[in-house]
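Before coordinates are taken into any further calculation, it helps to go through the confidence and the local geometry together. The report below does so for the chain shown here.

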Amino acid sequence: MSTVVDWLKDLLTVPWATRPFARVMRGRATLLVLHRLADPARGVPGVDPRDLRRALEFLRSERYPVVSLERVFRGLAGEAPPLDRAVAFTLDDGTLDQATVAAPLFAEFDCPATIFVMTGYLDGKLWCWWHRVEHVFQTTRRREISVWLGGVLLVYRLDDRRGRARLARDFMERCKHVPESEKLRAIERLAAAAEVELPERPPARYAPMSWDDVRAWEARGITFGAHTVTHPVLSRTDDAQSAREITESWARLRAEARCPVPIFCYPNGHVGADFGPRETATLRALGFRGAVTNSPSGHASAADFQSSPDAPFAVPRIDFGQDHRSFIRSVSGVWRARQLLGERVDVSRALAAAAPGEPRRASARPSSRLDGV
Ligand SMILES: [Zn+2]
């Protein structure tokens, strides 16, 4: 049985096999999010650039409207014609690999993309907190680390490298659920317990792009948006920090970039957990036209976007995925059809459900594969 399922999944990577699903993507756009691009020379793990190239070739050969994030927002708002099965690329954080690996690929395909940068990181004032955690777990010589976090004593026994990566991810996830100040103190305690010195500047594999990179890529079709100064989970901050993270990152971006995009990107970005009306109010007061999330709640549509005054401040994005199959499922409508129908992929029913009117709202949700940052 699993062989048949695998065969069907493989079939759906054949471009023509996905064409019937275009109907369920009427009036819907896919906003994709990427984090790091693999750069083995610098020891950077991430999405294989060959997979990104393959995705861009697929979109080109199948004539998908690949447009800028701002163009998607105009369509969603009714200011421009809606774009059926449109795709927009976004990347989060502003790591160097996004400038050296991803941006050249987007330029080669004449493909717009928006990079959301953490401005304190580009300013050289900090390195990403989750990179600090990863660095501690990967470089410690200790076989066991005990660290307090949120009133709980966590004991990590370190064995092989892959096991260390899993434990680091566990610690990162726990960090997202405590107040920001406790998170930062816990990372210091973690480094002390692991006997790892955290340098002020990030090691090469965690380096940010520069503001010069921002301006150089702006000239070649990449746009930039704000993603806070220090990348806290905003719902874990007090009022003053929440306002400061949004206001100052926007001010820094406007000072350094020529045409910053007035669309914000929440750190972590899970709807109902990582931001709320307080952040939306700040964004609205600063003149932002909206914001994107990391909740895999589906594709963006004008109906959803115009459903409430706050909806433009919670526009969903879908993870690019770790393989070509998951990418194709996201953009082609296969995944959308599956949402409509539950777990079964029944082509005839999917197409019948989509025509002639608007598809029913999805109830089934896929599991998130986002890195969560
Ligand atoms: Zn981020």
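Which residues of strand S4 (residues 144-149) lie on its covered face, and which on its uncovered one? In this predicted model, Ile145, Val147 and Leu149 form the covered face of S4, whereas Glu144, Ser146 and Trp148 make up the uncovered one. Such a pattern is expected in general, because the side chains of a regular strand alternate between the two faces of the sheet.

S4 is paired with strand S5 (residues 152-157) in the antiparallel sense, over 6 bridges, and within this pairing valine 147 stands opposite leucine 154 of S5. The hairpin that the two strands form has 2 residues between them, and glycine 150 adopts a positive phi near 60° there.

Turning to the helices, H7 (residues 129-139) packs with H9 (residues 180-194) at an angle of about 15°, the axes being 10 Å apart. H7 is therefore roughly parallel to H9, and the crossing of the two helices is left-handed. On the H7 side the contacts involve Trp129, Arg132, Val133, Val136 and Phe137, which meet Lys183, Leu184, Ile187, Leu190, Ala191 and Ala194 of H9.

As for confidence, the chain averages a pLDDT of 87, and 86% of the residues score at least 70. Two segments for which pLDDT stays under 50 are listed here.

| Segment | pLDDT | Contacts beyond four places in sequence |
|---|---|---|
| residues 343-347 | under 50 | 8 contacts |
| residues 353-372 | under 50 | 37 contacts |

Where pLDDT is low, the predicted coordinates should not be read in detail.

Technical notes. Residues are numbered from 1 along each chain as its sequence is written. This is a predicted model: local features need pLDDT of at least 70, side-chain atom pairs count only at pLDDT 80 or more; totals for chains, interfaces and linings use all residues. Side-chain values use heavy atoms; hydrogens and water are left out. pLDDT is the predictor's confidence in each residue, from 0 to 100. Contact means heavy atoms within 4.5 Å. Buried means under 20% relative accessible area, exposed over 50%, partly exposed in between (1.4 Å probe, protein chains only). Helices (H or I, at least four residues) and strands (E, at least two) are DSSP runs, numbered from the N terminus. Two strands pair if DSSP finds at least two bridges between them. Axes are lines fitted to C-alpha atoms, for helices over the stretch in contact, and angles run from 0 to 180 degrees between N-to-C directions. Angles under 35 degrees count as roughly parallel, over 145 as roughly antiparallel, 65 to 115 as roughly perpendicular and the rest as oblique. A crossing is left-handed if the near helix is turned anticlockwise from the far one by less than a right angle, and right-handed if clockwise.
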